[in-house]
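Reader: Hello! I am new to this structure and would love a close look at a single part of it, with some sense of what lies around that part. Could you walk me through one?

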Amino acid sequence: MQVDFYHLTVTPLERALPQIAAKVVETGNRLLIVSTRDDQRAALDRLLWTYQADSFLPHAQQGASDDAAQPILLSPDIGSANAARHVALVDGAWRDEALGFERAFHFFEDEHIEQARHAWRALGGHDGVERRYWKQGDDGRWEKAA
């Protein structure tokens, strides 16, 4: 199981998440996007329809449509209603339930750095968990830092 920590310092979540989501869907996988914040899920719902002028990412909010058919599902909690094997935690909070997926993307900003550090250390003791830490350079490019 792989956990990718994305420290958002230059690029906001609204630009980083759609790129990751598109890559997941392009590989034939499904993605569960988790945030406890209703306003954040609603904003991401709108964003995934319009993030590129010439395309959209097929998705739905949990309970709004046939959850099982959705390539990308926005949810307030972890579950696999769309049979996703990839999960994106976008509200800054790590959840150990993400370890049940093949891959987890943990997005966080500076305000959640201490919680992310705690999760990083805790995950170091889990067998079979590969951790990767991505940070942004001054040019906004993602660089693997650990």
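Author: Happy to. Let us start with His106, which is found in strand 6. Keep in mind as we go that this is a predicted model. Is His106 buried or exposed? His106 has 0% relative accessibility, so this residue counts as buried, the cut-off for that being under 20%.

What, then, is around this histidine? Setting aside the neighbours within four places in sequence, His106 is in contact with Asp4, Phe5 and Tyr6, with Leu89, with Gly92, Ala93 and Trp94, and with Ala116.

Take one of those partners, Ala93. Ala93 is found in the loop between strand 5 and strand 6. With a relative accessible area of 31%, Ala93 is partly exposed, because that value falls between the 20% and 50% limits. For a sense of distance, Ala93 and Lys144 are 51 residues apart along the chain, and 21 Å separates their C-alpha atoms.

The strand that holds His106 also leads us to the nonpolar interior. The largest nonpolar core has 22 residues, and Ile33 and Phe107 are those with the most contacts inside it. Strand 6 (103-108) supplies at least two residues of this core, as do helix 1 (13-26), strand 2 (31-34), helix 2 (38-50) and strand 4 (72-75). Helix 1 gives the most, with 7 residues.

Ile33 is worth a pause. Again leaving out neighbours within four places in sequence, its contacts include Leu17, Leu44 and Leu48, the run Ile72, Leu73, Leu74 and Ser75, and also Ala88 and Val90. Besides this core there is a second, separate one of 18 residues, with Val3, Ala84, Ala98 and Val129 among them.

Now to the two helices. The axes of helix 1 and helix 2 come within 11 Å and cross at roughly 60°. The two helices are therefore oblique to each other, and helix 1 passes helix 2 in a right-handed crossing. On the helix 1 side the contact is made by Leu13, Glu14, Leu17 and Pro18, and on the helix 2 side by Gln40, Leu44, Leu47 and Leu48. You have met some of these already: Leu17, Leu44 and Leu48 are in contact with Ile33 too.

Finally, a word on confidence. The mean pLDDT of the chain is 89, and 99% of its residues reach 70 or more. Confidence is highest in strand 5 (residues 86-89), at a mean of 97, and lowest in strand 8 (residues 142-144), at 78.

How values were computed:
Residues are numbered from 1 along each chain as its sequence is written. This is a predicted model: local features need pLDDT of at least 70, side-chain atom pairs count only at pLDDT 80 or more; totals for chains, interfaces and linings use all residues. Side-chain values use heavy atoms; hydrogens and water are left out. A nonpolar core is a set of buried Ala, Val, Leu, Ile, Met, Phe, Trp, Tyr and Cys residues joined through side-chain atoms within 4.5 Å. Buried means under 20% relative accessible area, exposed over 50%, partly exposed in between (1.4 Å probe, protein chains only). Helices (H or I, at least four residues) and strands (E, at least two) are DSSP runs, numbered from the N terminus. Contact means heavy atoms within 4.5 Å. pLDDT is the predictor's confidence in each residue, from 0 to 100. Axes are lines fitted to C-alpha atoms, for helices over the stretch in contact, and angles run from 0 to 180 degrees between N-to-C directions. Angles under 35 degrees count as roughly parallel, over 145 as roughly antiparallel, 65 to 115 as roughly perpendicular and the rest as oblique. A crossing is left-handed if the near helix is turned anticlockwise from the far one by less than a right angle, and right-handed if clockwise.
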